[in-house]
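Hi,

Here is the structure I promised to pass on. Have a look at it first, then read my notes underneath.

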Amino acid sequence: SLTGSVIVTGNKSFQAGTNYVFNGETTKPFGISSGSGNASIFAGSVDVNASITVNRNFSVYRRLGINAKITLRPLDTLFVLAGGVINGNYNSTNYIVTDYNSTTGAQSVVQYDGLSTSVTLPIGTVNYFLPVTLSPTTVSSFTAAAFIGITSNGQVNGTQLTPAQKQLVVNAVWNINRINGTGSSSLQLNWNTALEGSTFTTLPNTGIGLIFNTGSSWSLPIGTGNNTTNIVNATVSSFGSFTAGAVPSSTPFVFNPL
């Protein structure tokens, strides 16, 4: 277990499964120098007690303890391997930032392997905590990321919806994909009120639901919602881009150019 200050000279190697504890802010948590050719770190447990920005992909065998903000750079992946867990005091200030580049479309992700029970993935953007809770019917592995600025195709570098269209939705997108596994899964999204469209924020619980992207437009809402606690729930068997939207009177959310 690595804690405190370590004074070394020359090159030092730490075997896979080493435990890490971060009590001070850093942008180089895995290796003091960024000159290493290793693209990934395999850790036993990682306890984050001060904000860090990672400088490698990293995998956790046993536990990721989140007590501060962890920022993943665009294209980074944080792996929670089968049998590993995420715990700690994650909340609106302590969570995993899945950062992205809206020009290139690059985005970091959290991959959780061997998920067999209900698990909350405490992800978000630099400014917003956007956790997602998954509960699959069979053992499955998922990747998850979120970004601000809802687009017509649900992608980071897609075309932004117009201000009028954003009035009816939450201005965030969750990209959730299943790597392996079958069957359905319950899916819950949670967001900050500041991201709600001006019409959306006034609606009763029965007026909101989960919407998913078909590749070019957003679907009719499904499932249930709570516009006080800011959550939507639904059971899905296909994965991709999701957010929360208002229940229309009769027509689906097809956002075509005027």
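Below is what turned up, starting with the ground rules.

This is a predicted model, so to speak of local features we need pLDDT of at least 70, side-chain atom pairs count only at pLDDT 80 or more, and totals for chains, interfaces and linings use all residues. Numbering starts from 1 along each chain as its sequence is written, and side-chain values use heavy atoms, with hydrogens and water left out.

Cores: the largest nonpolar core (buried Ala, Val, Leu, Ile, Met, Phe, Trp, Tyr and Cys joined through side-chain atoms within 4.5 Å; buried is under 20% relative accessible area, 1.4 Å probe, protein chains only) has 49 residues. Phe 58, Leu 64, Val 132, Trp 174 and Ile 176 touch the most other members. A second, separate core of 8 residues includes Phe 147 and Trp 218.

Sheet: 5 strands (DSSP E runs of at least two residues, numbered from the N terminus) make an open antiparallel sheet, ordered S10-S12-S15-S18-S17; strands pair if DSSP finds at least two bridges between them. S10 (119–121) and S17 (224–226) are the edges, each with a single partner strand, so one side of each has no neighbour in the sheet. Further in, 6 bridges link S15 (185–190) with S18 (231–236), and Leu 187 has Ala 234 as its bridge partner in S18.

Loop: Thr 125 sits between strands S11 (123–124) and S12 (132–136). Thr 125 counts as buried because its relative accessibility is 5%. Leaving aside neighbours within four places in sequence, its contacts (heavy atoms within 4.5 Å) include Tyr 95, Leu 130 and Phe 147.

Cheers

How values were computed. Buried < 20%, exposed > 50% of the residue type's maximum accessible area, 1.4 Å probe, protein only. Helix = DSSP H or I, 4+ residues; strand = E, 2+ residues; numbered from the N terminus.
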